[in-house]
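Student: I'm new to this one, and the whole thing at once is a bit much. Could you pick a single part, take a close look at it with me, and tell me how it sits in the rest?

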Amino acid sequence: MPLVGTKEMFKKAYEGGFAIGAFNVNNMEIVQGITEAAGELKSPIILQCSAGARKYAKHEYLVHLVKAALEISDIPIALHLDHGADFETCKSCIDGGFTSVMIDGSHFPFKENIEVTKKVVEYAHAHGVVVEGELGQLAGIEDDVNVSAENASYTQPAEVQEFVEKTGVDSLAIAIGTSHGAFKFKPEQCTRNADGVLVPPELRFDILAEIEKKLPNFPIVLHGASSVVPKYVKIINDNGGKLADAVGIPEDQLRKAARSAVCKINIDSDLRLAMTAGIRQHFAEHPEHFDPRQYITVGRSYIKDVVAHKIKDVLGSDGQADAVMALIKK
Ligand SMILES: [Zn+2]
């Protein structure tokens with residue numbers, strides 16, 4: 001099965017009140033863990049690569065790893081560029097086999113964001129590739145994207161219609177309080193529940209609702225949407241790690257978002273945490289091991305577990321692969 005775009009996935013997700021998981025891939029075992037889980041659950045997925053992933057693994061390796069996954073699974077998979085910084089980066093991914101790209105002009109003033117996004121859309125659409133734009137800025141750090149809490153800003157609902165009309169983007173990433181990385185909120189931004197666990201401020205569903213009203217039937221994207229699964233943080237910390245006060249977006253809020261216009265939810269930190277937890281636990285139990293296949297196998301199975309959990313309990317995309325495929329073949 002060839003790589004697919006995201007149009008049909010998002011149409012089904014919008015109508016069905018679920019979201020497609022966009023999982024960041026950096027190496028073979030991550031690709032395997034994600035696609036094994038999605039294959040068993042018959043879920044469409046987006047595999048995405050950041051600039052950091054392309055620097056780490058090289059573009060060609062990533063594309064071929066994903067193509068290998070396509071040969072052994074029968075689910076629709078889109079290959080997406082996460083946070084394309086400029087036209088050239090997007091163009092090289094479009095020319096190099098990606099089926100979807102993000103142009104992140106969110107740090108530019110509104111007009112310049114429109115200009116650069118429009119330029120990418122024109123090139124991408126001429127090559128059958130879809131484009132995600134972004135309005136508003138998320139706080140946090142992820143690979144080459146680093147925004148301080150002071151510089152973060154919510155998406156202005158008043159701007160979304162003009163942005164989408166003038167650029168022709170196929171989906172829009174918005175800022176409603178999610179954040180990149182494993183340390184999404186400072187403890188002073190949070191409250192503590194009865195168990196002493198940090199609870200972050202609620203996402204701005206009011207802004208999301210306004211955007212939805214201005215852009216009916218238009219797919220919305222949430223970045224920085226890992227829940228920083230406490231189970232994995234605990235395993236890491238119990239086995240020599242130091243991740244004090246790592247806090248993410250509660251999964252009930254992500255589930256609520258998935259039921260709305262949000263059609264794509266980005267998950268990266270939770271994969272990193274799961275793999276690290278598996279490897280740390282393995283070494284704690286088997287300090288004598290030194291064969292990478294022994295410990296990376298555990299890391300890969302933790303990736304598979306966390307992706308299966310996300311698909312079933314957060315995204316709600318399980319069992320949707322055939323419906324998406326049928327729509328693509330139409
Ligand atoms: Zn992002």
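Tutor: First, a word on names: helices and strands are DSSP runs, with H or I over at least four residues for a helix and E over at least two for a strand, and they are numbered from the N terminus. With that naming, F185 sits in the loop between β9 and β10 (191-192), and we'll come back to that loop at the end. Keep in mind that what you see is a predicted model.

Let's set the scene. The protein has 13 helices and 13 strands. Its radius of gyration is 19 Å, close to the 20 Å that the globule rule gives for 330 residues, so it is as compact as a globular protein of that length. Along the principal axes, the C-alpha atoms fill a box of roughly 60 × 45 × 35 Å. Buried residues come to 51% of the 330. Take the contacts with a separation of 6 or more: 75% of them join residues 24 or more positions apart.

Now for our part, which is strand β2, residues 45-49. This strand is mostly covered, with 5 of its 5 residues buried. I45, L47 and C49 point one way, while I46 and Q48 point the other way, and the residues on both faces are buried.

Who are the strand's partners? On one side there's β1, which runs parallel to β2 and is joined to it by 3 bridges. One of the bridge pairs is F23 with L47 of β2. To get from β1 to β2, the chain goes through helix α2 (residues 28-41), and this β-α-β crossover is right-handed. Strand β3 is also a partner: 5 bridges join β2 to β3, again in parallel. Here L47 turns up once more, with L79 as its bridge partner in β3, and C49 stands opposite L81.

L47 deserves a pause. Skipping neighbours within four places in sequence, L47 is in contact with F23, V25, V31, I34, V66, I77 and L79. F23 and L79 are the bridge partners we just met. L47 also belongs to the largest nonpolar core, which has 100 residues; I34, L47, V101 and I265 are the members that touch the most others. The largest share of that core, 8 residues, comes from helix α12 (residues 292-315). As a general point, nonpolar side chains tend to be buried together in soluble globular proteins.

Let's step over to β3. This strand is mostly covered too, with 8 of its 8 residues buried. β3 pairs in parallel with strand β4 (residues 100-103) through 3 bridges, and G84 has I103 as its bridge partner there. β3, α5 and β4 together make a right-handed β-α-β unit.

Helix α5 (residues 87-95) holds C93. C93 is buried, with 25 other C-beta atoms within 10 Å. Not counting residues up to four places away in sequence, C93 touches L81, G84, F98 and V101. L81 is the residue that C49 stands opposite, and C93 itself has a link back to our strand: the C-alpha atoms of C93 and C49 are 9.9 Å apart, with their positions 44 residues apart along the chain.

What about the other end of this neighbourhood? In helix α1 (residues 7-16), E8, M9, F10, K12 and A13 are buried. Those buried residues pack against β1 (20-24), β3 (77-84), β8 (171-174), β13 (262-267) and α13 (321-329). Just after α1, G17 takes a positive phi of about 70 degrees.

Finally, back to that loop. There is an open sheet of 3 strands, in the order β7-β6-β9, with mixed pairing. β7 (145-147) and β9 (179-180) stand at its edges with a single partner strand each, so one side of each has no neighbour in the sheet. β6 (residues 139-142) and β9 pair in parallel over 2 bridges, with G140 and H180 as one of the bridge pairs. F185 counts as buried, with 22 C-beta neighbours inside 10 Å. Leaving aside neighbours within four places, F185 is in contact with S179, C190, P200 and V247. F185 is also 8.9 Å from A139, C-alpha to C-alpha, though the two are 46 residues apart in sequence.

Notes. Residues are numbered from 1 along each chain as its sequence is written. This is a predicted model: local features need pLDDT of at least 70, side-chain atom pairs count only at pLDDT 80 or more; totals for chains, interfaces and linings use all residues. A nonpolar core is a set of buried Ala, Val, Leu, Ile, Met, Phe, Trp, Tyr and Cys residues joined through C-beta atoms within 7 Å. A residue is buried if 20 or more other C-beta atoms lie within 10 Å of its own, exposed if 12 or fewer, and partly exposed in between; C-beta atoms are placed from the backbone. Two residues are in contact if their C-beta atoms, placed from the backbone, lie within 7 Å. The radius of gyration is taken over C-alpha atoms; the globule rule is 2.2 Å times the number of residues to the power 0.38. Two strands pair if DSSP finds at least two bridges between them. A crossover is right-handed if, with the strands pointing away from the viewer, the path from the first strand over the helix to the second runs clockwise.
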